[in-house]
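Trainee: Could you take me through one part of this model slowly? I'd like a close look at how one chain meets its neighbour, and then at how that chain is put together inside.

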Amino acid sequence: MEKINEPRYPSFKLIMQAKKKPVDEKTAADVGIETDRIGLANATTETVDFAAAPPRAAGTIVKDEGDGGTKAADFLAEKKFV
Amino acid sequence: MAEVLVLVDHVDGEVKKVTTELLTAARRIGEPSAVWVGDGAENGKAALAEFGAEKVYTAPAELNDYVVAPTAQLLAELAQDKGAAAILVSATAGNKEIAGRAAVKLGSGVLTDVVDVNSEVVTEHSIFGGATVTHGRVKTGVPVVAVRPNSFVPEAASGAGAEEAVSVDLPDAAKGAKVVERVVEEQGERPELTEAAVVVSGGRGVGEGKFDVVEQLADTLGAAVGASRAVVDSGWYPNQFQVGQTGKTVSPNLYIALGISGAIQHRAGMQTAKNIIAVNKDPEAPIFELADFGVVGDLHTVAPQLTEEINKRK
Ligand SMILES: Cc1cc2nc3c(=O)[nH]c(=O)nc-3n(C[C@H](O)[C@H](O)[C@H](O)COP(=O)(O)OP(=O)(O)OC[C@H]3O[C@@H](n4cnc5c(N)ncnc54)[C@H](O)[C@@H]3O)c2cc1C
């Protein structure tokens with residue numbers, strides 16, 4: 001799975017060759033895109049606001065003294081999972 | 001009050017929990033109308049009415065013979081006919097595609113991975129692995145909203161549940177991709193990972209061939225089993241159970257991490273869980289920064305004791 005994503009890096013020679021390739025610039029109209037449907041002004045959604053998520057309140061950490069599982073069960077009971 | 005269309009997720013006539021969450025959310029916006037595609041509505045209808053569905057639109061099973069497009073067509077046409085205020089779907093991969101297609105047909109916009117919504121259909125999103133919260137809205141047309149499972153607590157409210165058969169003429173374009181076979185994935189009795197209310201995950205600390213300690217705890221809680229990438233990469237547990245940046249994103253009410261260090265890529269997939277319990281023998285493990293309750297100790301003694309305690313208290 002991981003291996004399918006091996007990027008192929010271009011050599012310096014290929015980078016230099018790429019620089020010489022012609023660049024053909026087109027406008028949206030040239031390629032038949034309706035300009036009243038693109039761009040920020042025509043976006044159908046917008047982000048109203050954004051903020052860093054509030055930090056999680058610090059939890060309770062206990063050291064297992066032979067009763068770690070029982071204490072975890074107490075926590076679950078307190079939260080009504082059991 | 002305007003109708004709010006809710007696409008029903010169902011298996012063998014049984015309504016999935018996420019649909020009851022969506023119906024609850026829909027009531028903030030307007031009057032929920034459930035949209036049932038396929039067979040089994042007569043069995044599931046009562047459950048929908050129990051969560052406030054005033055109407056239940058039923059569409060023929062043939063729509064499911066083709067991939068996503070017919071359902072998108074149906075939702076778009078219904079939204080137009082009924083003057084719907086919004087369309088809500090659960091944020092599964094397939095439904096997100098349906099949402100996108102329906103929005104294009106309606107000339108409106110789509111909001112995905114929504115975790116909260118208000119009466120004006122301004123939606124809340126938890127992004128960058130839960131590090132940032134954004135609000136969004138659709139500027140034009142009927143908003144199409146894909147809601148993450150476990151974002152709402154289902155609240156019962158009686159609805160009329162009036163059934164109305166609907167159909168749609170499928171253009172050839174909607175028949176481009178045909179479903180040729182359906183295979184039920186073997187996952188036993190456990191709930192689907194992304195929909196489960198409780199997830200118990202194991203990491204490298206569990207050790208090879210010892211995952212039954214994770215499974216046993218999961219089963220006492222009716223939970224789904226998850227795994228870290230270290231576990232999946234080592235071949236200790238199958239791929240589809242990986243939680244994290246390159247695995248599944250889960251947002252359960254309870255997440256229990258056993259022998260997981262809490263690497264940023266793992267946290268990205270689980271840190272929006274409402275309650276987090278961690279068991280790790282290393283007190284410095286970053287997973288404890290997230291934990292509401294943590295036990296520093298050997299998971300092979302703590303987890304079985306927890307399993308036993310839960311069974312005792314049932
Ligand atoms: C691009 C990229 C994407 C990635 N995507 C993901 C992803 O989607 N999901 C994911 O999980 N990871 C992902 N990772 C990998 C991630 O960085 C970590 O390597 C991985 O999450 C570690 O898994 P772990 O916590 O199980 O193992 P470790 O980090 O090895 O942690 C094992 C923990 O178990 C504890 N432990 C050991 N024995 C016991 C015991 N007997 N009792 C209790 N505790 C014990 C140890 O103290 C340790 O904290 C990604 C990495 C990269 C670079």
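Mentor: Sure, let's go through the contact between the two chains and then turn to the domains of one of them. Keep in mind that this is a predicted model.

Start with who takes part. Chain B brings 46 residues to the contact and chain A brings 38 residues. Together they bury about 3,300 Å², and carbon and sulfur atoms give 58% of that area. If you want a few residues to click on, pick B:K139, B:F293 and B:R313: they supply 20% of the area that chain B buries against chain A, more than any other three residues.

Stay on B:R313 for a moment. This arginine also forms a salt bridge with A:D74, with the closest N and O atoms 2.7 Å apart. Between chain B and chain A the count is three salt bridges, and there are also 23 residue pairs in polar contact. On chain B's side, the elements giving two or more residues include the strands β7 (110–117), β9 (132–138), β15 (275–280) and β16 (293–296). The helices α6 (229–233), α8 (287–290) and α9 (299–313) of chain B are on that list as well. Sort chain B's side by class and you get 21 nonpolar, 17 polar and eight charged residues.

Now zoom in on β9 of chain B, since there's strand pairing across the chains here. Strand β1 of chain A (residues 45–52) is joined to β9(B) by seven bridges, and the two run antiparallel. To find your place, look for A:E46, whose bridge partner in β9(B) is B:R137.

Next, chain B on its own. The domain assignment splits chain B into domain 1 (3–175) and domain 2 (193–312), and their centres, taken over C-alpha atoms, are 31 Å apart. Where they touch, 10 residues of domain 1 are in contact with 13 residues of domain 2. The area buried between these two domains of chain B is about 800 Å², with carbon and sulfur atoms giving 44%.

For the polar side of that domain contact, the count is one salt bridge. You can look at the one B:K16 forms with B:E195, where the closest N and O atoms are 3.1 Å apart. Four residue pairs are in polar contact across this domain interface. The domain 1 side that touches domain 2 has three nonpolar, four polar and three charged residues.

Methods: Residues are numbered from 1 along each chain as its sequence is written. Chains are lettered from A and ligands numbered from 1 in the order in which they are written. This is a predicted model: local features need pLDDT of at least 70, side-chain atom pairs count only at pLDDT 80 or more; totals for chains, interfaces and linings use all residues. Side-chain values use heavy atoms; hydrogens and water are left out. Contact means heavy atoms within 4.5 Å. Buried area is the accessible area (1.4 Å probe) that two parts lose on being put together, summed over both. A salt bridge is a side-chain nitrogen of Lys or Arg within 4 Å of a carboxyl oxygen of Asp or Glu. A polar contact is a pair of N or O atoms within 3.5 Å; within protein, one must be able to donate a hydrogen and the other to accept it, and residues adjacent in sequence count only if both atoms are side-chain atoms. Helices (H or I, at least four residues) and strands (E, at least two) are DSSP runs, numbered from the N terminus. Ala, Val, Leu, Ile, Met, Phe, Trp, Tyr, Cys and Pro count as nonpolar, Asp, Glu, Lys and Arg as charged, and the others, Gly among them, as polar. Two strands pair if DSSP finds at least two bridges between them. Domain bounds come from an automatic or database domain assignment.
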